[in-house]
Amino acid sequence: MIIDFFWTEDGFDKRAIKGGVYHVELKKKGIDDSISLYIGESVWIARRCGRHLYVFDDKPELFGLEDNDKNNDDLMLKFSVLEGLDLKKDTQANKDTYKKTELKYIDDLRPVTQSSTSDIQIKNIEKRKKKVQDKMKELGFK
């Protein structure tokens, strides 16, 4: 699997070293469609996503994937910034801005591993994997 960690046609997306809302999606060579896996928010996006990758290496089910998916070089796990927020979470209003922005993107993009009404991932790992694996088959990723 190829990891695209905030890469754009202009190089590294510098917004990732600040705060905002990020997106993790799955792509496959030769297929235009992608699968929205997860949307999150953080005051340090790259740091938070680095943790996701660290856990993903041992537990690909974090994003509904299987071990054999990690070994497929036709697949790409893409991290991108959806919206930069130059705010600290030092006030409730700022915390609310992060959450509201994240929930807006969850509602728009409907990530497969998350509830459509909140930022919570599907708790049952097998259900999470089934949803992602079924979507992969539907789009010809498998």
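Is Lys135 buried, exposed or partly exposed? Lys135 is partly exposed, because its relative accessible area is 27% and the partly exposed class lies between buried (under 20% relative accessible area) and exposed (over 50%), using a 1.4 Å probe and protein chains only. Its place is in helix α4, residues 125-138. Helices here are DSSP runs of H or I with at least four residues, strands are runs of E with at least two, and both are numbered from the N terminus. Lys135 and Ser34 are 101 residues apart in sequence, yet 9.9 Å apart in space, C-alpha to C-alpha.

A quick word on the model itself. It is predicted, so local features need pLDDT of at least 70 and side-chain atom pairs count only at pLDDT 80 or more, while totals for chains, interfaces and linings use all residues. Residues are numbered from 1 along each chain as its sequence is written, and side-chain values use heavy atoms, with hydrogens and water left out.

**The sheet**

Now for the strands. Four of them make an open sheet with mixed pairing, in the order β1-β6-β4-β5; two strands pair if DSSP finds at least two bridges between them. At the edges sit β1 (2-5) and β5 (31-42), each pairing on one side only. On average, neighbouring strands of this sheet are turned by 20° against each other, direction ignored; the axes behind that angle are lines fitted to C-alpha atoms, and angles run from 0 to 180 degrees between N-to-C directions.

β1 and β6 (residues 75-84) run parallel and are joined by four bridges. In this pairing, Ile3 stands opposite Leu77 in β6. β4 (residues 20-28) and β5 run antiparallel, with eight bridges between them, and Lys28 stands opposite Ile31 in β5. These two strands form a hairpin with two residues between them, and Gly30 in the turn has a positive phi of about 85°.

**The rings**

Let's turn to the aromatics. Rings of Phe, Tyr and Trp (its six-membered ring) pair if their centres lie within 6.5 Å; planes under 30 degrees apart count as stacked, over 60 as edge-to-face and the rest as tilted. By that rule there are seven aromatic pairs, including these two:

| Pair | Centre to centre | Angle between planes | Type |
|---|---|---|---|
| Phe6 and Phe12 | 6.4 Å | 80° | edge-to-face |
| Phe6 and Phe79 | 6.1 Å | 50° | tilted |

The pair of Phe6 and Phe79 links distant parts of the chain: Phe6 is in the loop between β1 and β2 (7-8), Phe79 is in strand β6, and they are 73 residues apart. Phe6 counts as buried at 1% relative accessibility, and so does Phe79 at 0%. Phe12, with a relative accessible area of 32%, is partly exposed. Phe5, Phe6, Phe12 and Phe79 form one aromatic cluster.

**Helix α3**

What about α3? This helix (residues 92-109) has 18 residues and should span 26 Å at 1.5 Å a residue, which agrees with its end C-alpha atoms being 26 Å apart; the expected span is 1.5 Å times one less than the number of residues. Its buried residues are Asn94, Tyr98, Thr101, Glu102, Tyr105 and Ile106. Down the axis of α3, the buried residues fall within an arc of 140°, so they line one face of the helix; the arc is that of the directions from the helix axis to the C-beta atoms. Turned away from that buried side is a face carrying the exposed residues Gln92, Ala93, Lys100 and Asp108.

Tyr98 also has a charged partner: the charged end of Lys89 sits over the ring of Tyr98, 5.2 Å from its centre. A charge sits over a ring if NZ of Lys or CZ of Arg is within 6 Å of the ring centre and within 35 degrees of the ring normal.
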